[in-house]
Amino acid sequence: MKIKAFKGGTLIDGNGTAPIKNSVVVVEGSRIKSVGKNGEVDIPQGDDVQIIEAGGKTVMPGLIDSHVHIGMGGESKDFHSMPIHNNSLDIAMKAVAYLKKTLEMGITTLRDGGSGYDWVEVALRNAINRGDIIGPRYIATGYHLTVTGGHGYFLPPWLGKFAPPQQIGMHCDGPDAWRKAARLNIYNGTDNVKLVASRGFLSAGLTVDAPPTAAQASVEELKAAVDEAHKMGKKVFAHANGRQAIRNAIEAGVDSIVHGFYIDEECAEMMVERNVILEPTALVIRVIKEFGSGHMPDIMVEKATEYWRHKEKEFKIILDKGVSISFSSDMGCPFLFHGENARELSSLVELGVSPMDAIVAGTKTASHAVGYGDQIGTIEEGKIADIIVVDGDPLENIETLHTEENIKMVLKDGETVIAR
């Protein structure tokens, strides 16, 4: 069995504890065998041992992004017309390159936020697992479950009768329909279920009268899908903006809130009490604000700009109340290009999260968000060896993690993916 020993690097283990300088991490096969300070951990000897000199570098867990859209590639002007010009085969072909690039940038686990298109994520996940294509550990979600005309359904109404549609959303109205839609996604092989509780900044037909905070699905509808997913052992996360939609999703029993824009103190307290994780996707709002003019509808840019001014205050509530945050980049949305995922960590730091807590959000907390907390997310004995070696110190400069030349080595399941 092949053995790798990382020697001399500064270890950030993902738990949020102080870094270990001059560390040793021993990997045997796909698992971490031992961890500690150089001189206190036995380094195996022999022809089957690869010694990786990591002095001057940071050794840390592979990053885990709990929310991307692999079916999109950062399109802006063409965002809402994608379902007209792409089918599931087009989406799959583009996704192959996106997945490879993402892994090479140190994102060793990826949960899709729902890409629909005939459950293309399931086929991509299976292809990765077979070794047909290269990519992170990939967790498939399938369709956004949404009310008729709700967020995530971008086809015009004259095409909306086709189901399951060649796009990312699936219409369902009433608890029975939501229950059936959850069953249909699970039956088609998804690993979790995505619900839509409100409109969003990218919703088709966004107007002053139908803002991104407008609640859509009822508690009863959401709960029917949650109950169905949970009894099958699946995680459930909900797109939810605004007080009412966030409350509805929490009361329905979801495991994570995605976006959570315009969260208030009461919602934050509910999340802490019920152990609901927040996937804040901060970067997507910033890039729409900064680059959207001339590319996106004016109302979207206006709403994003208005909201960003509120964001710092909102994050103070989140941090003061102790809400658990998971790294969630929303890559694939307008102006967000796969492989640049770690830019979201810089946004978190800008909003008041410490660099160490941002790394924990991208490792330990994210592992729990995606349902792999006992297997990945920290560098500890017995866990799967998803490890990256970084040239520089992300605690001094978090941007180190989204600069390609700084990602010197990536291990997934103990296998070297890239060594620069």
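1. Asn275 is exposed in this predicted model, because its relative accessibility is 60%. As used here, buried means under 20% relative accessible area, exposed means over 50%, and partly exposed is what falls in between, with a 1.4 Å probe and protein chains only as cover. Asn275 sits in the loop between α7 (265-273) and β15 (277-279). Its phi is near 60°, a positive value in a residue other than glycine, and you may like to look at that spot in the viewer. Helices and strands are DSSP runs numbered from the N terminus: H or I with at least four residues for helices, E with at least two for strands.

2. A word on the ground rules. Residues are numbered from 1 along each chain as its sequence is written, and side-chain values use heavy atoms, with hydrogens and water left out. Since this is a predicted model, local features need pLDDT of at least 70 and side-chain atom pairs count only at pLDDT 80 or more, while totals for chains, interfaces and linings use all residues.

3. Now the overall picture. The chain has 12 helices and 18 strands, and its C-alpha trace spans about 65 × 45 × 45 Å along the principal axes. The radius of gyration of 21 Å agrees with a compact globule, because a globule of 420 residues would come out near 22 Å; the value is taken over C-alpha atoms, and the rule is 2.2 Å times the number of residues to the power 0.38. Buried residues make up 59% of the 420. With contact meaning heavy atoms within 4.5 Å, residues 24 or more positions apart account for 70% of the contacts with a separation of 6 or more.

4. On the surface, the chain exposes about 16,000 Å², of which carbon and sulfur atoms supply 49%; accessible areas come from the Shrake-Rupley method with a 1.4 Å probe. There are 43 positive and 56 negative side chains, and the centres of the two sets lie 2 Å apart. Lys and Arg count as positive, Asp and Glu as negative, and His and the chain ends are not counted. Each charge is placed at NZ of Lys, CZ of Arg, CG of Asp or CD of Glu.

5. Near the N terminus, what pairs with strand β3 (residues 23-28)? Strand β1 (residues 3-7) is joined to β3 by 5 bridges in an antiparallel arrangement, and β3 is joined to strand β4 (residues 31-37) by 6 bridges, also antiparallel. Two strands pair if DSSP finds at least two bridges between them. Glu28 is the bridge partner of Ile3 and stands opposite Arg31 in β4. The hairpin of β3 and β4 has 2 residues between the strands, and Gly29 takes a positive phi near 65° there. Of the 6 residues in β3, 5 are buried.

6. A further set of strands brings β6 together with the end of the chain. Strand β6 (residues 57-61) and β16 are joined by 5 antiparallel bridges, strand β16 (residues 387-391) pairs with β17 over 4 antiparallel bridges, and β17 pairs with strand β18 (residues 415-419) over 4 more, again antiparallel. Ile387 stands opposite Pro61 of β6 and Leu411 of β17. Val410 is the partner of Ile388 and of Ile418 in β18. In the hairpin of β17 and β18, with 2 residues between them, Asp413 has a positive phi of about 55°.

7. Both central strands of that set are well covered. Strand β17 (residues 407-412) has 5 of its 6 residues buried, so the rest of the structure largely encloses it. The same description fits β16, because 4 of its 5 residues are buried.

8. Helix α3 (residues 120-130) packs its buried residues against α2 (88-104), β8 (107-112), β9 (137-139) and β17. Among those buried residues are Val122, Leu124, Arg125 and Ile128. Trp119 lies in the loop between β8 and α3, has a positive phi near 55° without being glycine, and counts as buried because its relative accessibility is 10%. After the helix comes Gly131, with a positive phi near 90°.

9. Is Trp308 of helix α9 (residues 298-321) buried or exposed? Trp308 is buried, because its relative accessibility is 14%. Beyond neighbours within four places in sequence, Trp308 contacts Ala282, Ile285, Arg286, Lys289, Glu350 and Leu351. Phe261 is 47 residues from Trp308 in sequence, with 9.8 Å between their C-alpha atoms.
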